[in-house]
Amino acid sequence: MSLVQFLRILAARKAIIFATLLACFFAATVTVFLLPPRYEAHNRVRVDITKPDPLTGQMSQQMMNAYLGTQVNLITDVQTAGLVVDDLGWATDPANQAAFEAAGRPGGDIRDWLAQRIVDSTTAKFDSANIMEISYRGTDPAQAQGLAQAVREAFLKLNREQRTNTAQRSFAMFQEQAQRAQAALSTAEQERTKFAKENGIVYQPGTLDLETQKLNALSSASTVPTPGQVVAAQGNPQVAMLKQQIAQAQQTLGPNHPTMQALKRQLAAMESQGSGGSTVIGGTTRADIQSAYQAQKERVMAQADKMDQLGQMDAEIAVKRDQYQKLAAKAAEMRSIAQSNDTNMEPLGNTNLPDEPVWPNKPLIIIGSIGFGLVLGILLALLVELFARRVRSEDDLEFASGAPVLAVVGQPRPENSLTSRMLRLIDRRRAGADGSLAEA
């Protein structure tokens, strides 16, 4: 089909096109004035993502996007809308109960039905990285403002409850783990004390054992005295070392502790040996001191494997103590969160009172109806032409017969019609191209 044939069809079926255009225009005009207007109220919530969440810790960008998407979905969820229904008392309103029964929902839950109506009119999106906008559409401006405010309050309340419940569950979990870690730490310390008693080791955690301290004292004393010099009890480095160890032990141990009792007995024995003027280290010459040093060294070497095992037990106790302290600190943190009402969200500003309806958009609908009516009219005209095809020009005849038209016999076209002028213009251009027709 050529452009000329298409224009002739539109000219012949212009009544259909015009009627369709008018029908769409009047239908759209009547509709936009009959439909109830919709007003949209907005408010905003700021989500604090500048500091790590104490419940979840550091989050990657992907996890943060998922978290923010979850908050948007939570706003348009029946769980949040259900809190709005409860706060407004809609479920007990006789008018809502009558509407619920009229809707034909036997056996359903009126609370969920009302909550779904709120969800259908609520939207949420992020305007920026951490600013979320909540919108509600209603037929009344004041009602839209009130429900938008109620949705935001319900969302913040639900967020606080979820954080509190999560913190309480986390506190219970960390508290249980801390108690188990404390029991394991206590058992390890008891096993270390039992091992030291069974092997006769006087040992204070974080310091050298008594035998090693004696060895160090003898090692220092062996370099001081010269032949013929006497080492008095009151100047014995072993006594001074033992007194220092007792002073340190008194800061952490009670007077009846087995280790404290053993140290005191050792000190009393040393002081009793030096009370008669005899030497504490078993001699008055360097040779006597060296002999005592060698004997003490053999005793220390004999229990070296036991000291290694005791050191391993100390290392395990240090790990268990660190684990217990971390779990106890985490449990305390979760308990403080559960007892507070802090949240990482806060409302921004007030909910606006809409002045103009956002729907229906009358100019847009009317202009769109004109375009739609024009397109629909053209399609109907072509459809009618398809089922009732007519020959209106020599071009139609050539197209239908497949043979060239030699002459046209009939009444001349009206000279003043638009179609006639357009067709003459097309004929002139065609005659000029073929070189076989004269200009009219």
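In this predicted model, Ile118 touches Ala81, Val84, Val85, Trp90, Tyr136 and Val151, once neighbours within four places in sequence are set aside. Ile118 also turns up among the residues with the most contacts inside the largest nonpolar core, alongside Ile75, Val84, Phe155 and Met345. That core runs to 34 residues. Several elements chip in at least two residues each: the strands β1 (39–47) and β3 (131–138), plus the helices α3 (61–75), α4 (78–88), α6 (110–120) and α7 (141–198). Of these, α7 gives the most, with 9 residues. There is also a second core, separate from this one, made up of 9 residues, among them Ala178, Leu327, Met334 and Ala338. Such clustering fits a general pattern: in soluble globular proteins, nonpolar side chains tend to be buried together.

Stepping back to the whole chain, the protein has 440 residues, and 33% of them are buried. Its secondary structure comes to 15 helices and 4 strands. Among contacts with a separation of 6 or more, 78% link residues 24 or more positions apart.

Two helix crossings can be described in some detail. The first to consider involves α5 and α6, whose axes come within 11 Å and cross at roughly 95°. With 65 to 115 degrees counting as roughly perpendicular, that is how α5 and α6 are therefore placed relative to each other. On the α5 side the contact uses Asn96, Gln97, Ala99 and Phe100, and on the α6 side Ile110, Trp113 and Leu114. Asn96 belongs to α5, which spans residues 94–102. Despite its polar side chain, what is the burial state of Asn96, buried or exposed? At 14% relative accessibility, Asn96 counts as buried, because the cut-off for that label is under 20%. Leaving out residues up to four places away in sequence, Asn96 touches Trp90, Ile110, Trp113 and Leu114. Trp90 is thus a contact of Asn96 and also one of Ile118. Trp113 has a charged partner as well: the charged end of Arg117 sits over the Trp113 ring, 4.9 Å from its centre.

The other crossing pairs α1 (residues 3–12) with α13 (residues 362–387), and here the axes come within 10 Å and cross at roughly 100°. These two helices are therefore roughly perpendicular to each other too. Phe6, Ile9 and Leu10 make the contact from α1, meeting Ile378, Ala381, Leu382 and Glu385 of α13. In the loop between β4 (345–348) and α13 sits Pro360. The peptide bond joining Trp359 and Pro360 is cis, with omega about 0°.

Aromatic pairing was searched for across the whole structure, and 2 pairs came up. One involves Phe25 and Phe26, with ring centres 5.6 Å apart and planes at 70°, so the pair is edge-to-face. Phe25 is partly exposed, with a relative accessible area of 29%.

Finally, there is Asn341, found in the loop between α12 (304–339) and β4. Asn341 counts as exposed at 64% relative accessibility, because that label applies over 50%. Along the chain, Asn341 and Lys157 are 184 residues apart, yet their C-alpha atoms are separated by 9.7 Å.

Note on methods:
Residues numbered from 1 in each chain as written. Predicted model: local features only at pLDDT ≥ 70, side-chain atom pairs only at ≥ 80, totals over all residues. Heavy atoms only, no water. Core = buried A, V, L, I, M, F, W, Y, C linked by side-chain atoms within 4.5 Å. Buried < 20%, exposed > 50% of the residue type's maximum accessible area, 1.4 Å probe, protein only. Contact = heavy atoms within 4.5 Å. Phe/Tyr/Trp six-rings, centres within 6.5 Å; stacked < 30°, edge-to-face > 60°. Lys NZ or Arg CZ within 6 Å of the ring centre and 35° of its normal. Axes fitted to C-alpha atoms, helices over the stretch in contact; angles between N-to-C directions. Parallel < 35°, antiparallel > 145°, perpendicular 65-115°, else oblique.
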